[in-house]
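Welcome! If this molecule is new to you, take a moment to look it over before reading on.

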Amino acid sequence: MDLFEKCRVELVEAAKAQDIYPYFHQLESRQGPEVVMEGMRRIMLGSNNYLGLTSDPRVIEAGVRAIEKYGSGCSGSRFLNGTLDMHIQLEAELAEFLEKEAVMTFSTGFQSNLGIISAIAGRGDYIFCDKENHASIYDGCKLSYAKTIRYNHSDMEQLETALASVPIDSGKLIVTDGVFSMSGDICKLPEIVALAEKYKARVMVDDAHGLGVLGRGGRGTADYFGLTDKVDIIMGTFSKSLASLGGYMAGDERVVNYVRHSSRPFIFCASIPPANCATAIEALHILRDNPELPEKLMSLAAYMRDGLRARGVKIRDSITPIIPIYTYDQMRTLRKAKELYDAGVYVNPVLPPATPPGECLLRTSYMANLTTELLDEAMDIIKRIVSEE
């Protein structure tokens, strides 16, 4: 068979034929509570800009100043000419905020998981991976060459059975999302930590959707449970609450230094550009100085949950600013997303492999600078459209 014979996607072709293809919509304004997409005003319920800082004047000004001082890029690896004083500042301030010994930064969040997992685990080691973990975790596991054992979502009994099945003196890493990106569930971190101690495993938490959301002042999932000292590695991103681009690893100095000198996705990649570094620093300062921001975000998420339930819209229980509305069937999911988009509400349709087959959903997510008036408007539209067949 010719190599390119497979280069067709039937679902995409079918969706385009029915005018319900939902991807690559063009954004023509800043990423705020209300946006302009393809010439029309839409309420944005599909962004990970949790604290609403991407359009904060202080963040924007920090990026402008960095470009004026350093130029548009670093043009090299952190090992060579690509380390700015700002990179060191960002890593030191984030380590202090997260209450870990050290932090290293990567150019993207996806790259962070590739770089951390592939450096820490190798042949002869075992990785225990929640089935609903992010795709970047799965790819990091593949790149590591360790034996990966998947366990059902948050199934602690199955995780323990898996841990007990491998040699007690083997290298073992339990890796989990802190806040699962599609469902909004929070991992069962206390149980995971207890199992790790029992079976001599290490724990890594992907906190991309936890930073700025959970814990004291938004310090994340480990802090939320009071287990920061029990989590060996915390990974996160700058592309969500910190309104920029990039990712990080936080942990003990010895471990971070090892990854810094061993991780191919880190060593052979250009560093975070100056503007992205500066905006992440400024967003971190705003979060640090305004611990009420995550509380406001959670309050708005609770308001939305209560309002959707009152309108008879079925949702999944959680407390995070990710609220999935299950639509199950693929074509129905695409159709409802298109109807919502046309009615002025942007949400993200999620299909396999991002969800299990038969569990397609409309992923809604929220920002701290949304208003209850906008949420009420959006909920009325959602109720009308989702309840229709």
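What follows is a short tour of the enclosed spaces, one pocket, and some of the strands. Please keep in mind that this is a predicted model.

## Spaces inside

Let's begin with the hollows. How many cavities of 30 Å³ or more does the structure hold? There are three of them. The table sets two of these cavities beside a pocket that we will also visit.

| Space | Volume | Lining residues by class |
|---|---|---|
| Largest cavity | about 70 Å³ | seven nonpolar, one polar, one charged |
| Second largest cavity | about 50 Å³ | six nonpolar, four polar, one charged |
| Second largest pocket | about 350 Å³ | six nonpolar, one polar, six charged |

The largest cavity is lined by Pro22, His25, Ala337, Lys338, Tyr341, Val345, Tyr346, Val347 and Pro349. Two elements each give at least two residues to this lining: helix H13, which spans 330-343, and strand S11, at 345-346. Which element supplies the largest share? That is H13, with three residues. Seven residues of this lining are nonpolar, while one is polar and one is charged.

The second largest cavity is ringed by another set of names: Arg78, Thr105, Phe106, Ser107, Gln111, Pro265, Phe266, Cys269, Ala270, Ser271 and Ile272. Here strand S3 (102-106) and helix H10 (264-267) each contribute at least two lining residues. The lining includes four polar residues, along with six nonpolar ones and one charged.

## A closer look at Ser271

One of the residues lining the second largest cavity is Ser271, so it makes a good stopping point because Ser271 is also buried, with a relative accessible area of 8%. Where does Ser271 sit along the chain? Ser271 is in the loop that runs between H10 and helix H11 (274-289).

The side chain of Ser271 comes to 2.6 Å from the backbone oxygen of Gly82. Gly82 also appears among the residues that Ser271 touches, once those up to four places away in sequence are set aside: Cys74, Gly76, Arg78, Gly82, His87 and Ser107. Two of these names, Arg78 and Ser107, may look familiar, since they belong to the lining of the second largest cavity as well.

## An open pocket

Next comes the second largest pocket, with a volume of about 350 Å³. This pocket is lined by 13 residues, and the closest to its centre are Ile120, Arg202, Ile233, Arg254 and Val255. Strand S6 (172-177) and helix H9 (253-260) each bring at least two residues to the lining. Which of the elements gives the most? H9 does, with three residues. By class, the pocket lining holds six charged and six nonpolar residues, plus one polar.

## Strands side by side

Now for the strands. In general, the strands of a sheet pair through backbone hydrogen bonds, and they may do so parallel or antiparallel.

S11, met earlier at the largest cavity, also belongs to an open sheet of three strands with mixed pairing, in the order S1-S2-S11. The edge strands are S1 (34-37) and S11, each of which pairs on one side only. S1 and S2 (residues 40-44) run antiparallel and are joined by four bridges. Within this pair, Val36 stands opposite Arg41 of S2.

Another strand to find is S13, at 360-365. Are the residues of S13 buried or exposed? Six of its six residues are buried. Both faces are covered: on one side lie Cys360, Leu362 and Thr364, and on the other Leu361, Arg363 and Ser365.

S13 has antiparallel links to two strands described here. Strand S10 (residues 322-328) is joined to S13 by six bridges, and Tyr326 has Leu361 as its bridge partner in S13. S12 is joined to S13 by three bridges, with Asn348 standing opposite Arg363.

The loop between S12 (348-350) and S13 holds Pro356. Pro356 counts as partly exposed because its relative accessibility is 35%, between the 20% and 50% limits used for buried and exposed. Our last stop pairs Pro356 with Lys131: they are 225 residues apart in sequence, yet their C-alpha atoms are 9.6 Å apart in space.

Terms used: Residues are numbered from 1 along each chain as its sequence is written. This is a predicted model: local features need pLDDT of at least 70, side-chain atom pairs count only at pLDDT 80 or more; totals for chains, interfaces and linings use all residues. Side-chain values use heavy atoms; hydrogens and water are left out. On a 1 Å grid over the protein atoms alone, a cavity is a set of points where a 1.4 Å probe fits but cannot get out, and a pocket is an open set with protein on both sides within 12 Å along at least five of seven lines; lining residues have an atom within 4 Å of a point. Grid points are joined across faces, edges and corners, and a volume is the space filled by probe spheres set on the points. Ala, Val, Leu, Ile, Met, Phe, Trp, Tyr, Cys and Pro count as nonpolar, Asp, Glu, Lys and Arg as charged, and the others, Gly among them, as polar. Buried means under 20% relative accessible area, exposed over 50%, partly exposed in between (1.4 Å probe, protein chains only). A polar contact is a pair of N or O atoms within 3.5 Å; within protein, one must be able to donate a hydrogen and the other to accept it, and residues adjacent in sequence count only if both atoms are side-chain atoms. Contact means heavy atoms within 4.5 Å. Two strands pair if DSSP finds at least two bridges between them.
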